[in-house]
Amino acid sequence: SKFKLSVVFDVDEFRHWLLPRKGVVSSFVNVSPEGEVTDFCSYYHLHSTVLGHEKHSTLFAAYSFYNVARTVDLTELMRDCLILAKNEG
């Protein structure tokens, strides 16, 4: 194993924390031609109210949550994740 510390999720925990739920959690995987999941990125959504601004009333933020980069550089994975978050709105 590459790391000495890792999270072990049971099925229910995995469902709760990592499966996509619109407006709550977004998750994406890269899959090799052989069908193996090679990379994973996820983020959670947190919407905040903007006070006293005439044009904007809500700030939509995406917070990096659980990410695994095995075949791409972590910086590249995070850049892709930022693009996906922006495209979600």
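Here is a chat between a colleague and a modeller about this predicted model.

Colleague: Before anything else, what is the mean pLDDT of the protein?

Modeller: We're working from a predicted model, so confidence comes up front, because where pLDDT is low, the predicted coordinates should not be read in detail. Here 98% of the residues reach 70 or more. The mean pLDDT of the protein is 93.

Colleague: And in which strand is confidence highest?

Modeller: At the low end sits strand S4 (residues 68-69), with a mean of 92. At the other end the mean is 96, and that belongs to strand S1 (residues 25-31).

Colleague: OK, on to the empty space. What volume does the largest pocket have?

Modeller: Rolling a probe the size of a water molecule over the atoms shows where empty space is left. For the largest pocket, that volume comes to about 230 Å³.

Colleague: Which strands and helix each supply at least two residues of its lining?

Modeller: The lining includes Tyr43, His45 and His47, along with Phe60, Ala61 and Ala62. Ala85, Lys86 and Glu88 are also among the lining residues. The elements that each supply at least two are strand S2 (37-49), strand S3 (58-64) and helix H2 (74-88).

Colleague: By class, how many residues of that lining are charged?

Modeller: Lys22, Lys86 and Glu88 are among the residues lining the pocket, and Lys and Glu count as charged. The lining also has five nonpolar and four polar residues. The charged count is three.

Colleague: Glycine 23 is in the lining too. Which residues does glycine 23 touch, not counting those up to four places away in sequence?

Modeller: Glycine 23 sits in the loop between H1 and S1, and it is partly exposed at 35% relative accessible area. Both of its partners beyond that sequence window also line the largest pocket. They are His45 and His47.

Colleague: Is serine 26 buried or exposed?

Modeller: Serine 26 lies in strand S1. Its relative accessibility is 4%, and the cut-off for buried is under 20%. So serine 26 counts as buried.

Colleague: With which side chain does the side chain of serine 26 make a polar contact?

Modeller: Leaving aside neighbours within four places in sequence, serine 26 is in contact with Cys41, Ser42, Tyr43, His45 and Glu88. The polar contact runs side chain to side chain at 2.8 Å. Its partner is histidine 45.

Colleague: Now serine 27. Which residue's backbone oxygen lies 2.3 Å from a polar atom of its side chain?

Modeller: Serine 27 is in strand S1 as well, and at 14% relative accessible area it is buried. Beyond four places in sequence, its contacts include Leu19, Pro20, Phe40 and Cys41. The backbone oxygen at 2.3 Å is that of leucine 18.

Colleague: What about serine 6, buried or exposed?

Modeller: Serine 6 is found in the segment before helix H1 (11-18). Its relative accessible area is 58%, and the threshold for exposed is over 50%. Serine 6 is therefore exposed.

Colleague: How far apart in space are serine 6 and leucine 59, C-alpha to C-alpha?

Modeller: Leucine 59 lies in strand S3, and beyond four places in sequence it is in contact with Leu46, His47, Ser48 and Val50. In sequence, serine 6 and leucine 59 are 53 residues apart. Their C-alpha atoms are separated by 32 Å.

Colleague: And how far apart in space are leucine 59 and glycine 35?

Modeller: In sequence the two are 24 residues apart. C-alpha to C-alpha, the separation is 37 Å.

Colleague: Last one: leaving aside neighbours within four places in sequence, which residues is methionine 78 in contact with?

Modeller: Methionine 78 is found in helix H2, and at 24% relative accessibility it counts as partly exposed. From phenylalanine 14 it is 21 Å away, C-alpha to C-alpha. The contacts of methionine 78 outside that window are Ser64 and Asn67.

Terms used. Residues numbered from 1 in each chain as written. Predicted model: local features only at pLDDT ≥ 70, side-chain atom pairs only at ≥ 80, totals over all residues. Heavy atoms only, no water. 1 Å grid on protein atoms, 1.4 Å probe; cavity = no way out; pocket = protein on both sides within 12 Å on 5 of 7 lines; lining within 4 Å. Points joined across faces, edges and corners; volume = space filled by probe spheres on them. Helix = DSSP H or I, 4+ residues; strand = E, 2+ residues; numbered from the N terminus. pLDDT = per-residue confidence, 0-100. Buried < 20%, exposed > 50% of the residue type's maximum accessible area, 1.4 Å probe, protein only. Polar contact = N/O pair within 3.5 Å; in protein donor to acceptor, adjacent residues only side chain to side chain. Contact = heavy atoms within 4.5 Å.
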